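The following exercises concern a single protein model and are to be solved with the sequence and coordinates at hand. Each task is followed by a solution that proceeds step by step.

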Amino acid sequence: MDVRAFLRRIEGARNYQGQIEHVAEIAERDGVYAQPERPLPAELAELLAARGIERLYSHQVAALDLARSGRDLAVVTGTASGKTLCYNLPILEAALDDAQARALYLFPTKALAQDQLKGLLELLGEHPTLAKRIKPGVYDGDTPTAQRRRMRSEANLVLSNPDMLHAAVLPYHPKWARFFESLRFVVLDEVHTYRGILGANVACVLRRLQRVCRHYGSDPVFLAASATIANPGELASRLIGRDVAVVDDDGSPRGRKFFVLWNPTPLGADSLARTSAADDAVNLMVDAIEADAQVLAFTRTRQAAELIHRYVKQSLELNHSPRAGDVRAYRGGYLPNERRDIEQALFSGKLRGVATTNALELGIDIGSLDVALLVNYPGTIASAWQQAGRSGRRHDESLAVLLAGNDPVDQYLLRHPDYFFAQSPEHAVVDPENPYVLAAHLKSAAFEIPLGDEDVARFGPMAGEIAGLLADAGELIAIGGKHYFAGGQNPAIGVSLRHMSDNTFSIVERGHRPVSGDPPPVGRAGAKQFERDHRVIANVDAISAPELVYPEAVYLHNGESYLVRELDLNAKIAYVERRETDYYTQAVLESNVLVTRERQTSDALDRTNDDAAEGYGALLAYGNVDVSWQTVAFKKIKFNTRENIGLGPVDIPAQTLATTAMWLAPNDALRARMKGAGYRASEGVCGLRNLAVVALPMVAMCDSRDLGGVVDSKNVGRSTMILYDRYPGGLGYSEKGFHLIGDLLRICREMVADCPCEEGCPSCVGLPNLRPAIHSDPDLMRGYPMPNKGATLRLLELLCGLNEAADCGETVLADSA
């Protein structure tokens with residue numbers, strides 16, 4: 001693809017109004033090669049030569065030498081840099097040296113495991129002798145029973161995922177005794193995804209894995225691979241509970257890439273009012289497809305992916321393009337077979353455009369793409385580069401475009417391109433000692449092998465107390481210094497690693513059933529009748545279901561609209577009917593937060609004893625809260641124009657969540673200072689809340705959708721900003737904000753101070769204090785009064801002044817390092 005020519009066509013179009021704010025040209029880079037400390041076995045060298053690999057990159061050699069010496073490691077290099085060989089080389093070498101040697105590969109998704117199996121089989125297929133000696137296979141929920149038995153006894157390399165290891169391997173480890181006795185290596189691919197609730201669960205699963213390995217006399221080496229993040233070594237170490245060596249000197253060559261920062265089209269004369277990033281993405285995607293490019297458009301929500309797919313297809317049809325049928329959406333919730341069909345069509349080049357969520361961010365081999373569109377900032381710079389790396393994976397010239405939304409972070413990055421293109425500042429947060437997570441995994445561990453005191457200690461300092469509580473509750477039995485499982489079915493079955501709820505709702509399409517007075521058939525005939533009349537089209541987790549499939553919602557799937565007729569909360573089924581509508585729906589949510597326990601306070605913002613400061617300050621605290629929220633109404637939004645054409649009520653029970661939060665409340669003296677400057681402190685707190693929700697991911701690697709925030713006066717008696725983690729027991733995000741309050745406040749102040757508006761806009765003090773549904777269209781919250789910019793800026797100046805006077809920024813950072 002000639003990227004310069006494509007950009008010139010865009011700039012020469014009639015509808016171009018200067019949306020390109022910055023173009024970074026990332027130059028080609030030559031490869032850096034090295035030799036391992038000892039040569040590769042002849043068979044392995046022949047295998048690589050057959051693939052056209054005569055030399056190894058420097059980072060591949062570093063990883064090989066470390067693995068040979070028995071060191072746990074984490075490889076942190078760019079997309080398409082050959083990370084796969086970093087773990088495959090030492091594993092294949094070990095398998096050649098010892099026919100009994102085994103390796104376990106863990107991937108975050110089943111699709112990625114299948115993709116890696118295909119790559120391994122292609123690699124081994126270059127050397128028939130090796131193909132006979134080394135037998136890889138995928139062990140996941142789709143593996144037939146007969147094949148599972150052969151996998152346990154014959155496979156050298158088992159490719160799976162943490163969920164399968166958790167629920168179907170470790171609890172039945174006696175069946176895997178030979179495998180665990182000879183387990184030499186464990187691969188953790190895409191390790192940067194193991195953060196938050198998934199990371200906490202995976203950390204506990206890996207501790208259970210090591211415990212089972214010790215039981216069988218093995219001690220495998222862990223080989224991790226990660227996208228670029230600020231703390232890959234810390235993350236990998238916390239996941240496995242051991243120190244790791246970091247390999248981050250990328251020696252791979254890189255093709256020329258153009259990275260464009262795009263500010264959507266201004267609306268009329270108001271330069272601060274802009275169209276949706278999704279609208280401009282549709283135009284760019286159509287232009288690229290008609291230029292014979294293959295395009296991925298990454299969106300932040302499922303609904304946005306469906307809408308872009310719909311609008312791109314319509315535009316191509318209006319242009320009478322033969323490519324109109326070569327566009328699809330791809331996201332979570334699609335059934336496995338449907339997703340694999342899309343992946344294969346994208347790899348083959350049949351599909352020319354796909355609108356996707358971050359489901360395609362990971363390393364599934366989908367071939368060489370020309371253009372990656374990032375529709376709104378994806379939440380972390382690491383994810384932005386991972387998504388951008390999806391174009392030009394074969395080292396060709398490629399284009400990535402970040403289309404900024406109206407969120408403060410999006411606009412901040414456009415005003416500070418140097419910040420975006422510098423090294424990732426984000427930290428991955430994982431808390432293996434989350435009490436909810438620990439309780440579930442201690443029961444699972446006891447089911448596998450009775451827990452001794454040393455075993456419990458390996459799960460962290462809180463594990464002993466939690467094991468005692470489980471024993472008091474009758475879920476474990478303490479006998480002779482050990483904890484035994486109290487009995488019953490495998491406890492891992494009821495624990496999901498990925499959601500705070502392990503329940504999944506099926507989305508079922510109702511067919512056209514004959515209307516008669518006869519009762520429906522029962523038994524086998526009734527089941528067959530149900531299958532004829534109903535079809536499962538998708539699924540959704542229980543937390544998201546009330547925001548996506550409430551009664552009268554319009555559910556978008558593969559470019560088609562379905563009307564939700566019933567949400568059966570007991571059966572966990574949403575019944576839908578195919579209905580072509582001229583609108584879609586957006587959930588309206590309400591939430592409340594109750595502080596239940598104050599665990600920590602900080603004097604970082606407190607100068608009540610400082611005469612020079614006139615006693616002003618702010619309460620800064622961290623602790624436990626109970627959050628309740630529910631869908632109370634929905635809006636009908638007209639396709640294309642986004643007009644609000646109706647409002648309806650929703651009667652669904654509230655959901656509750658016990659979690660952790662940080663809160664900040666200006667004291668009376670600071671409120672008086674604000675009043676003296678002509679502002680109300682409560683207005684400043686509202687603006688601060690909006691800024692903090694989107695700024696916190698810049699200092700603690702998380703997604704803003706993992707956070708919630710409210711401003712209320714019920715808990716402290718005055719306006720208080722409360723930021724909470726949206727998972728039981730907390731994930732460490734709000735705690736990170738509490739400890740790094742200086743960094744958080746400084747970023748918020750820069751966001752609002754740098755914005756050119758006068759009274760506040762979506763690009764600085766943010767959208768109103770109303771949280772949109774996390775899976776819905778992110779562009780539907782305009783038209784409400786904005787928080788007061790002047791009040792927000794003045795509050796931040798006062799708070800940052802307090803923080804700088806206390807010099808807490810450096811102290812807190814040192815304490816948290």
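Throughout, two residues are in contact when heavy atoms of theirs lie within 4.5 Å. The model is predicted.

**Exercise 1. Overall description**

Task: State how many helices and strands the protein has, and what percentage of its residues count as buried.

Solution.
1. The protein has 28 helices and 32 strands.
2. It comprises 817 residues, and 58% of them count as buried.
3. The accessible surface comes to about 32,500 Å², with 48% belonging to carbon and sulfur atoms.
4. Among contacts with a separation of 6 or more, 77% are between residues 24 or more positions apart.

**Exercise 2. The largest nonpolar core**

Task: Identify the helix that gives the most to the largest nonpolar core, and list the contacts of Leu 688 beyond its neighbours within four places in sequence.

Solution.
1. The largest nonpolar core contains 86 residues, and Phe 420, Leu 688, Ile 741 and Leu 799 have the most contacts inside it.
2. Helix 24, residues 681-695, gives the most to this core, namely 8 residues.
3. With neighbours within four places in sequence set aside, Leu 688 touches Leu 664, Met 721, Leu 745, Cys 748, Thr 792, Leu 795, Leu 796 and Leu 799.
4. As a general background, nonpolar side chains tend to be buried together in soluble globular proteins.

**Exercise 3. The N-terminal helix**

Task: Determine which residues of helix 1 are buried and which elements they pack against.

Solution.
1. Helix 1 spans residues 3-11, and its buried residues include Val 3, Ala 5, Phe 6, Leu 7 and Ile 10.
2. The buried residues of helix 1 pack against strand 1 (20-26), strand 11 (257-262), helix 12 (277-290) and strand 18 (398-403).
3. The N-terminal end of helix 1 is capped by Asp 2, with a side-chain oxygen 3.4 Å from the backbone nitrogen of Arg 4.

**Exercise 4. A polar residue in a helix**

Task: Decide whether Gln 210 is buried or exposed, and find its side-chain polar partner.

Solution.
1. Gln 210 belongs to helix 10, residues 196-215.
2. The cut-off for a buried residue is under 20% relative accessible area.
3. Gln 210 has 9% relative accessibility and therefore counts as buried.
4. Its side chain makes a polar contact of 3.3 Å with the side chain of Arg 242.
5. Beyond neighbours within four places in sequence, Gln 210 is in contact with Phe 222, Ile 240 and Arg 242.

**Exercise 5. A sheet of 3 strands**

Task: Establish the strand order of the open sheet that includes strand 21, and explain why strand 19 and strand 20 each have one side without a neighbour in the sheet.

Solution.
1. The order is 19-21-20, and the pairing is antiparallel.
2. Strand 19 (451-452) and strand 20 (476-479) are at the edges with a single partner strand each, so one side of each lacks a neighbour in the sheet.
3. Strand 20 pairs with strand 21, residues 482-485, over 4 bridges; Ile 479 has Lys 482 as its bridge partner.
4. Helix 18, residues 435-448, lies across strand 19, strand 20 and strand 21, at about 90° to strand 21.

**Exercise 6. Successive hairpins**

Task: Find the bridge partners of Tyr 562 in strand 24 and strand 26, and the turn residues with positive phi.

Solution.
1. Strand 24 (residues 554-557) and strand 25 (residues 560-568) are antiparallel, with 4 bridges; Tyr 555 is bridged to Tyr 562.
2. In their hairpin, with 2 residues between the strands, Asn 558 has a positive phi near 55°.
3. Strand 25 is joined to strand 26 (residues 573-578) by 6 bridges, again antiparallel; Tyr 562 is bridged to Arg 578.
4. This hairpin has 4 residues between its strands, and Lys 572 in the turn has a positive phi of about 60°.

How values were computed
Residues are numbered from 1 along each chain as its sequence is written. This is a predicted model: local features need pLDDT of at least 70, side-chain atom pairs count only at pLDDT 80 or more; totals for chains, interfaces and linings use all residues. Side-chain values use heavy atoms; hydrogens and water are left out. Buried means under 20% relative accessible area, exposed over 50%, partly exposed in between (1.4 Å probe, protein chains only). Accessible areas come from the Shrake-Rupley method with a 1.4 Å probe; for residues, only the protein chains shown count as cover. A polar contact is a pair of N or O atoms within 3.5 Å; within protein, one must be able to donate a hydrogen and the other to accept it, and residues adjacent in sequence count only if both atoms are side-chain atoms. Two strands pair if DSSP finds at least two bridges between them. Axes are lines fitted to C-alpha atoms, for helices over the stretch in contact, and angles run from 0 to 180 degrees between N-to-C directions. A nonpolar core is a set of buried Ala, Val, Leu, Ile, Met, Phe, Trp, Tyr and Cys residues joined through side-chain atoms within 4.5 Å.
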